[in-house]
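Here are some notes to read with the structure open beside you. I have kept each point short so that you can find the residues as you go.

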Amino acid sequence: IRDTNDLASGFRRIDEDNRFHYLLTYAPSNARFDGKFRKIQVRVKREGMQVFARKGYLALRGPSQTRLSYETAALAAFDRGKPPNAFPVSATGFVFPDPKGRAKVPIVVQVKTRDLHFQIDQEKGTYAAQAAVVATVKNSDGQVVHTLSQQYVLTGAAKELEAGRGGEILFYRQPELAPGVYSLEALVHDALGQRASARLSTLTVPAPSRDRTPASTLVVVRQIEKVESTEGTTGLPFFYGNLLLYPNAGQPLRRGIDGELAFYFACHAGPNDDSSATLELLHSGRSMASVRIELPRPDPDGRIQHVGKLPVEKFPAGTYELRLQLRTGEQEQLRTAFFTIME
């Protein structure tokens, strides 16, 4: 009925399809789940029949009926052996516990669009690229507790191809998790290039005690942006006053370009607790500097947030560790974060 005013014939076909059809299913005998596409061909002996059948399916472990089509194609890459690594991807999760026992767990995946395959339509004068990001969170028993995904379709005029290649995909989701140990599988699937890259990591949500709420992850901040309105942002992990913090999911810093390194953490304290923190910088296991951090008083919800900066323009290339020792009342906690500086 598209582009016509003849609704009657269209609905007549819908009614006939609902009344006069047969549904055929089968279970494949090939139990090798390699993630490959298997073709299906359905033939009938009776004349005058119309057959509507799938062209095939992806041999994946477990049921895929509830998955979106782009999720199925992306997750097939995990069933072909070791996790793929066709292009650079940054992915990580951050844990922000709350006094109620659960934790907000922001998951961030970043990929440069230059690493995707772009198709050029010379006749239409356009370009196109397509990517899917799928993040799966599993508990300690291997059961999937969250599947988070997004499809990205990039299009534009062919003359603007270089601008399209110069962008970035930033995937952000924020599930809530109960205390426990989880695995995070984050995958970026380049649909047109038929390539993928995956990153695996572990998330630990600590359980609060009667007198202590665990501190958040120590976050290396990539970018800070001022926002006009903060309505509805109370309690969200990466809002600090009227500033929105973009976490670094693992991208290296560049000498001569990144002159400062920003870091961020949050914790909870009682109204009468004395809170203090010490930040130590290490390189190759050797302490390079240590600084005491003056923490603000808790907000009405008992939360303390801190954003700090370190000058790194003179640091040599290499991998560094930030080590935070946090004291609230009689409790001490240790948090670490790593960052890399490249030439």
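The points below go through the strands, the cores and a few backbone angles.

1. Please keep in mind throughout that this is a predicted model. The angles, contacts and pairings mentioned here are all computed from that model.

2. A good place to begin is strand β8 (126–138), which pairs with several other strands. Strand β7 (residues 119–121) runs antiparallel to β8, and three bridges join the two. If you want one pair to look for, Gln119 stands opposite Ala128 in β8. The β7 and β8 hairpin has four residues between its strands, and Gly125 there takes a positive phi near 70°.

3. Next, follow β8 into β9 (144–157). These two strands pair in the antiparallel sense over 13 bridges. Ala128, already met opposite Gln119, also stands opposite Thr155 in β9. Between the strands of this hairpin there are five residues, and Gly142 has a positive phi near 80°.

4. β8 has a further antiparallel partner in β12, with eight bridges between them. Here the pair to find is Val134 and Leu187, the latter in β12.

5. Which residues touch the most other members of the largest nonpolar core? They are Val105, Ile107, Val109, Phe171, Leu177, Val188 and Val205, out of 29 residues in that core. Two or more residues come from each of β6 (107–112), β8, β9, β10 (168–173), β12 and β13. The biggest giver is β8, with six residues. So the strand from points 2 to 4 is worth colouring when you display this core.6. Leu177 deserves a closer look. Leaving aside neighbours within four places in sequence, Leu177 is in contact with Arg102, Ala103, Val105, Val137, Val145, His146, Tyr182, Leu203 and Val205. Val105 and Val205 are also on the list of core residues that touch the most other members. Apart from this core lies another one, of 25 residues, among them Leu218, Leu253, Phe263 and Leu326.

7. Now turn to strand β22 (residues 318–328), which pairs with β19 in the antiparallel sense over nine bridges. Leu281 has Leu322 in β22 as its bridge partner. β22 also runs antiparallel to strand β23 (residues 331–342), and 11 bridges join them. In that pairing, Arg327 stands opposite Glu332 in β23. The hairpin of β22 and β23 has two residues between the strands, and Gly329 in the turn has a positive phi of about 65°.

8. Two residues other than glycine also have a positive phi, and you may like to check both. For Gln194 the angle is near 50°. Gln194 sits in the loop between β12 (180–190) and β13 (195–205). Is Gln194 buried or exposed? Gln194 counts as exposed because its relative accessibility is 57%, and the cut-off for exposed is over 50%.

9. The other is Ser284, whose phi is near 55°. Ser284 is found in the loop between β19 (275–283) and β20 (286–293). With a relative accessible area of 69%, Ser284 is exposed too.

Technical notes: Residues are numbered from 1 along each chain as its sequence is written. This is a predicted model: local features need pLDDT of at least 70, side-chain atom pairs count only at pLDDT 80 or more; totals for chains, interfaces and linings use all residues. Side-chain values use heavy atoms; hydrogens and water are left out. Buried means under 20% relative accessible area, exposed over 50%, partly exposed in between (1.4 Å probe, protein chains only). Two strands pair if DSSP finds at least two bridges between them. A nonpolar core is a set of buried Ala, Val, Leu, Ile, Met, Phe, Trp, Tyr and Cys residues joined through side-chain atoms within 4.5 Å. Contact means heavy atoms within 4.5 Å.
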